[in-house]
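Student: Could you take me through one part of this predicted model in detail, looking at how a pair of helices pack and then at the enclosed space inside the protein?

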Amino acid sequence: MTQQNVVVSDTKSGVSLTVFPTPAQKKPPAAPGGYISISRRRVLKNLEINGDQRINAWVESMRASSPTHLKSAPSFSQEQNSWILHHPSALDMFDQIIDASKGKQIVMFLDYDGTLSPIVEDPDRAFMSHSMRKTVKKLARCFPTAIVTGRCKDKVYNFVQLAELYYAGSHGMDIKGPTRSSKYNKDSKAEAILFQPASDFLPMIDEVYQQLVEKTKSTPGAMVENNKFCLSVHFRCVDEKKWSDLARQVKSVLKDYPKLRLTQGRKVLEIRPTIKWDKGKALEFLLESLGLANCSDVFPVYIGDDRSDEDAFKKLRDRGQGFGILVSKFPKDTSASYSLQEPNEVMSFLQRLVEWKHMSQRARSRV
């Protein structure tokens, strides 16, 4: 029986949801119920522009999330070896991973920057390679596949150019289903999922974007990117000596917007609405949209390289299903179970998954 389109709106929480589920799917989960509980007083204290101690703490955090200097060789090697013991290479552990997934439906979740494409100086030129696109296309034929990114959904789609994928942009605040049918979404019109839990923040985001562009003009190399439901202030081309100035500029704008929060990633400051939504919530929503959220035989795999991906890694640990893979050449605190060093290793891992799937299908066909 074909279901009706579902439209949910919650003006109190600033959340709206439009979903067009497939006939066989369950209705996606209810929209988040409100803002993260952060008082205006606390936000203003955290964003106090004259607090040099607060600024210095932020700059140290910026350095920690975006290392520019290697540690001495012996200490780094020891730390790296210790870290690898706890987060072994997903390539080295591939057979064990496959054993754990047997009899279960694998679902793939992939970050974009630093995972499918290399980190580059100009974010507008973060193109994925032809071989990576070909690999992801094959992956989507084998497993339901989603791109989950802090980027604007439309921008990352222009990079990837694969209509059979799910796309969750703006840290999961802008989700759209496939527009091309595949094994996992045979009715492409029914799969047109649209989920935008922060739509009421659009005017505020645009207003802050204009202010940040103007405010950061005096910092050479700074770039402000409008990702629709969140903003990114890139400092990968900013002299490290100017990071304190940039932090002050950003905080001077945000002190008047307590419903926005400031977080950090790799050479980027990110401004997001304070709603209860992140990449982990997006992962759950997509599993629900696929009708797999309450299944014991689902095996989600999330691959990402940044702090915002930790929300998804933690969600998988909490669910006790699947695992996360952190893409990093450096030891980091993470809830991921495994690691890969760079996008080329990600591509190798995805290719092995596809090859394993093809081999297992051929083996079944011979029985």
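Tutor: In this predicted model, the axes of helix H7, which spans residues 202-215, and helix H8, which spans residues 243-254, come within 10 Å and cross at roughly 150 degrees. Because angles over 145 degrees count as roughly antiparallel, H7 is roughly antiparallel to H8. The crossing in which H7 passes H8 is right-handed. On the H7 side the contact is made by Val208, Gln211, Leu212 and Lys215, while H8 contributes Gln249, Val250, Ser252, Val253 and Leu254. Sorted by class, the residues of this contact between H7 and H8 comprise five nonpolar, three polar and one charged.

Turning to the enclosed space, the model has three cavities of 30 Å³ or more, and the largest cavity holds about 230 Å³ of space. The lining of this largest cavity consists of 20 residues, and those lying nearest its centre are Asp113, Arg236, Val268, Glu270 and Asp306. Strand E9 (231-234) and strand E11 (268-273) are the elements that give two or more residues to that lining. By class, the lining of the largest cavity is made up of three nonpolar, seven polar and ten charged residues. Set side by side, the contact of H7 with H8 has five nonpolar residues and one charged residue, whereas the lining of the largest cavity has three nonpolar and ten charged residues.

Conventions. Residues numbered from 1 in each chain as written. Predicted model: local features only at pLDDT ≥ 70, side-chain atom pairs only at ≥ 80, totals over all residues. Heavy atoms only, no water. Axes fitted to C-alpha atoms, helices over the stretch in contact; angles between N-to-C directions. Helix = DSSP H or I, 4+ residues; strand = E, 2+ residues; numbered from the N terminus. Parallel < 35°, antiparallel > 145°, perpendicular 65-115°, else oblique. Left-handed = near helix turned anticlockwise from the far one by under 90°. Contact = heavy atoms within 4.5 Å. Nonpolar A, V, L, I, M, F, W, Y, C, P; charged D, E, K, R; others polar. 1 Å grid on protein atoms, 1.4 Å probe; cavity = no way out; pocket = protein on both sides within 12 Å on 5 of 7 lines; lining within 4 Å. Points joined across faces, edges and corners; volume = space filled by probe spheres on them.
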